[in-house]
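Trainee: Please pick one part of this model and go through it closely. Then place it against the rest of the chain.

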Amino acid sequence: MPPKKPAEPLPFSETVMRQVRAIPRGEVRSYAQVALYAGRPGAARGVGRELKHLPGQATQVPWWRVIRSDGTLAPPVAHEQARRLRLEGVTVNERGQVFRVVLDKARDD
């Protein structure tokens, strides 16, 4: 029997989507963190490009959990992003910046 071929690395877009799906409800990650976890440190803009079209689509990828490194939300969807984050217990101030994360009490028990 011939030896198995090593698995091909996943395309960047698929790796990004997996990383974003893994962000727990009520938590956020920066574009830079997602890029780092996807094995491409420094590719934060690439993460943004991959997530760019998701807000207008029905998706299983929680794009709203990815924010800028300074804690601000990304226009032009910042209003929708803030709404979704607040539903998950994330505090977003009036300037569109993630202030703090409120953990669900049931998860702490």
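Mentor: The answer below goes from the whole chain to one pocket, then to two residues of its lining, and ends with the charged pairs.

This is a predicted model, in which local features need pLDDT of at least 70 and side-chain atom pairs count only at pLDDT 80 or more, while totals for chains, interfaces and linings use all residues. Residues are numbered from 1 along each chain as its sequence is written, and side-chain values use heavy atoms, with hydrogens and water left out.

The mean pLDDT (the predictor's confidence in each residue, from 0 to 100) of the protein chain is 84, and 81% of its residues reach 70 or more. Five helices and four strands make up the secondary structure of the protein chain; these are DSSP runs numbered from the N terminus, helices being H or I of at least four residues and strands E of at least two. Along the sequence the order is α-β-α-α-β-α-β-β-α. Of the 109 residues in the protein chain, 36% are buried, where buried means under 20% relative accessible area, exposed over 50% and partly exposed in between, with a 1.4 Å probe and protein chains only. Contact means heavy atoms within 4.5 Å. Among contacts between residues at least 6 apart in sequence, 48% join residues at least 24 apart.

The part chosen is the largest pocket, which holds about 270 Å³ of space. A pocket is found on a 1 Å grid over the protein atoms alone, as an open set of points where a 1.4 Å probe fits, with protein on both sides within 12 Å along at least five of seven lines; lining residues have an atom within 4 Å of a point. Grid points are joined across faces, edges and corners, and the volume is the space filled by probe spheres set on the points. The lining consists of Tyr31, Gly48, Leu51, Lys52, Pro55, Trp63, Val66, Ala74, Pro75, Pro76, Val77 and Gln81. By class these are nine nonpolar, two polar and one charged. Here Ala, Val, Leu, Ile, Met, Phe, Trp, Tyr, Cys and Pro count as nonpolar, Asp, Glu, Lys and Arg as charged, and the others, Gly among them, as polar.

Two of the lining residues, Ala74 and Gln81, can be followed further. Gln81 is found in helix H4 and is buried, at 1% relative accessibility. Beyond its neighbours within four places in sequence, Gln81 is in contact with Trp63, Trp64, Val66, Ile67, Leu73 and Ala74. Among these partners, Trp63, Val66 and Ala74 also belong to the pocket lining. Ala74 is found in the loop between strand S2 (66-67) and H4, and with a relative accessible area of 14% Ala74 is buried. With neighbours within four places again left aside, Ala74 is in contact with Tyr31, Arg68 and Gln81. The C-alpha atoms of Ala74 and Gly96, 22 residues apart along the chain, are separated by 8.8 Å.

Helix H4 also carries a charged pair: Glu80 and Arg84 both lie in this helix, four residues apart, about one turn. The two form a salt bridge, with their closest N and O atoms 2.7 Å apart; a salt bridge is a side-chain nitrogen of Lys or Arg within 4 Å of a carboxyl oxygen of Asp or Glu. Glu80 is partly exposed at 25%, and so is Arg84 at 26%. By this rule the count comes to six salt bridges.

A second pair lies beyond the end of H4. Arg25 forms a salt bridge with Glu88, at 3.9 Å between the closest N and O atoms. Arg25 sits in the loop between H1 and strand S1 (29-30) and Glu88 in the loop between helix H4 (78-87) and strand S3 (90-92), so this bridge ties together parts 63 residues apart in sequence. Glu88 is buried, at 10% relative accessibility. Arg25, Arg65 and Glu88 are linked in a network of salt bridges.

One caution concerns the end of the chain. Over residues 102-109 pLDDT stays under 50, and the model has six contacts beyond four places in sequence for them. Where pLDDT is low, the predicted coordinates should not be read in detail.
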